[in-house]
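Student: I have a structure to read and do not know where to begin. Could you take me through it step by step?

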Protein chains: 2
Amino acid sequence: MAPQRETRQKRALATVLDQTPSFRSAQDLFADLRSRGENVGLTTVYNQLRAMAEAGALDTRRTDEGETLYRRCGTAHHHHHLVCRQCGAAVEVEGPEVEQWAEQVAGHHGFVDIAHTVEIVGTCAACAGRPGSRSHRGHGAST
Amino acid sequence: MAPQRETRQKRALATVLDQTPSFRSAQDLFADLRSRGENVGLTTVYNQLRAMAEAGALDTRRTDEGETLYRRCGTAHHHHHLVCRQCGAAVEVEGPEVEQWAEQVAGHHGFVDIAHTVEIVGTCAACAGRPGSRSHRGHGAST
DNA sequence: ATGGGTGCAAATAATTTGCAGGTAA
DNA sequence: TTACCTGCAAATTATTTGCACCCAT
């Protein structure tokens with residue numbers, strides 16, 4: 001397997017991902033890239049995003065509207081997310097008890113080869129303080 | 001507000017929903033309806049599905065591929081799902097400890113107005129017994 | 001009669017794919 | 001040079017919407 005090549009586009013995307021702590025959509029990242037003057041194609045963004053996600057370098061989520069959101073993965077081990085419904089900020093959390101509960105419940109029903117998804121959504125302290133800041137999936141980049 | 005009307009299409013959809021214990025996509029339900037000879041339009045299926053979901057009569061999920069799945073809601077109170085990745089069968093489960101854990105973790109990070117999603121995926125006893133039955137989103141209806 | 005219900009056709013929207021040309025190694 | 005990468009354009013796919021007609025009440 002030939003090693004991955006270093007391209008301007010890859011570097012640009014990686015940079016943007018590193019500068020945002022919250023989940024962002026492909027379309028969003030693409031727009032951000034363009035606003036920075038980086039000339040990267042939408043197709044490339046999708047290509048890279050998928051490649052990185054498959055390589056385990058990115059965490060992914062789906063919004064209720066069907067968009068896939070990506071975010072640089074902090075810890076390598078299993079974890080869940082606590083996401084702010086206002087600003088999109090995400091905190092990685094762990095919960096041994098939940099893992100156990102899932103295993104237990106599944107086993108109790110005769111299920112094997114268990115996997116699970118947990119996501120907690122709420123309003124973070126900052127957003128709770130100043131209501132009305134409807135920057136659901138805000139940028140905050142460039143300019 | 002005028003009461004809902006009783007139509008052949010609504011009844012047909014309701015019947016199909018009642019006969020399946022697992023989550024099914026709109027496309028899937030539509031195909032099933034047609035295979036039964038029921039002449040219902042895809043648009044109507046979507047219309048009804050959305051109306052029922054908003055009315056709280058249906059539970060909804062999203063597959064990784066972006067499809068929305070619907071299923072008649074058994075219990076009215078909060079619960080989660082244990083789904084079989086092979087046949088799609090779903091069991092409604094509860095977990096007081098998880099609810100508490102979510103509240104606790106969220107509060108610890110300063111988040112308020114908490115909501116959460118939990119989904120356990122596994123292979124049910126039946127499917128584990130006869131591997132290879134790749135009916136990912138099986139019908140099981142008619143014929 | 002009448003207004004909610006229906007469904008064909010066209011519109012959306014996110015994401016994927018074909019493929020010709022670019023470029024890192 | 002080589003084949004991986006890029007990105008335009010077109011294709012896919014689930015779902016929504018415009019709208020004229022129909023039927024349960």
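Tutor: The turns below go from the fold of one chain to a helix, then to a single residue, and then to the DNA strands. Keep in mind that this is a predicted model.

Student: How many helices and strands does chain A have, and in what order do the elements run?

Tutor: Begin by listing the elements from the N terminus. Chain A has five helices and six strands, and the elements follow the order α-β-α-α-β-β-β-β-α-β-α.

Student: What share of chain A is buried?

Tutor: A residue is called buried when its relative accessible area is under 20%. Of the 143 residues in chain A, 38% are buried. The accessible surface of the chain is about 8200 Å², and carbon and sulfur atoms hold 50% of that.

Student: How much of the contact in chain A links residues 24 or more positions apart?

Tutor: Count the contacts with a separation of 6 or more; in chain A, 50% of them are between residues 24 or more positions apart.

Student: Next, a helix. Which residues of α1(A) are buried, and why do they line one face?

Tutor: The general idea is a matter of geometry. An α-helix has 3.6 residues a turn, so residues three or four places apart point the same way. Now the case here: the buried residues in α1(A) are A12(A), L13(A), V16(A) and L17(A). Viewed down the axis of α1(A), the buried residues fall within an arc of 135°, so they line one face of the helix.

Student: Which exposed residues are on the face turned away from the buried side of α1(A)?

Tutor: That face carries R11(A) and D18(A), which are exposed.

Student: And what covers the buried residues of α1(A)?

Tutor: The cover includes β1, α2, α3, β2 and β3 of chain A.

Student: Can we take one residue now? Where is H81(A), and is that residue buried or exposed?

Tutor: First find the element, then the accessibility. H81(A) is in strand β4 of chain A, residues 80-84. H81(A) counts as buried because its relative accessibility is 7%, and the cut-off is 20%.

Student: What does H81(A) touch?

Tutor: Set aside the residues up to four places away in sequence; H81(A) then touches residues including F23(A), D59(A), R71(A), V91(A), V93(A), V118(A) and I120(A). There is also a polar contact of 3.5 Å between the side chains of H81(A) and H79(A).

Student: Now the DNA. How many residues surround DNA strand D, and which are the closest?

Tutor: Make a list of the residues around the strand, then ask which part of the DNA they meet. DNA strand D is surrounded by 22 residues, the closest being R5(A), T7(A), T44(A), Y46(B) and T68(B). Of the atoms of DNA strand D that come within 4 Å of the protein, 67% belong to sugar and phosphate.

Student: Which side chains have an N or O atom listed with a base or phosphate atom of DNA strand D?

Tutor: Among them is R5(A), with a side-chain N or O atom 2.5 Å from a base oxygen. For T43(A), a side-chain N or O atom is 3.1 Å from a base nitrogen. For Y46(B), the partner is a phosphate oxygen, at 2.7 Å. Looking at elements, α1 and α3 of chain A and α2 and α3 of chain B give two or more residues each to the surface near DNA strand D. The largest share, four residues, is from α3(A).

Student: What classes of residue make up that surface near DNA strand D?

Tutor: Three are nonpolar, 13 polar and six charged.

Student: Is Y46(B) buried, exposed or partly exposed, and where does it lie?

Tutor: Y46(B) lies in helix α3 of chain B. Y46(B) counts as partly exposed because its relative accessibility is 35%. Apart from neighbours within four places in sequence, Y46(B) is in contact with A26(B) and Q27(B).

Student: And which residues are the closest to DNA strand C?

Tutor: Read DNA strand C in the way just used. There are 21 residues around DNA strand C, and the closest are Y46(A), T68(A), R5(B), T7(B) and T44(B). Sugar and phosphate make up 62% of the atoms of DNA strand C that come within 4 Å of the protein. One polar side-chain atom of Q9(B) is 3.0 Å from a sugar or linking oxygen of DNA strand C. A polar backbone atom of N39(B) is 3.2 Å from a phosphate oxygen of that strand.

Key: Residues numbered from 1 in each chain as written. Chains lettered and ligands numbered in written order. Predicted model: local features only at pLDDT ≥ 70, side-chain atom pairs only at ≥ 80, totals over all residues. Heavy atoms only, no water. Near = heavy atom within 4 Å. Polar contact = N/O pair within 3.5 Å; in protein donor to acceptor, adjacent residues only side chain to side chain. Nonpolar A, V, L, I, M, F, W, Y, C, P; charged D, E, K, R; others polar. Buried < 20%, exposed > 50% of the residue type's maximum accessible area, 1.4 Å probe, protein only. Contact = heavy atoms within 4.5 Å. Arc of directions from axis to C-beta. Areas by Shrake-Rupley, 256 points an atom, 1.4 Å probe, with all protein chains shown as cover.
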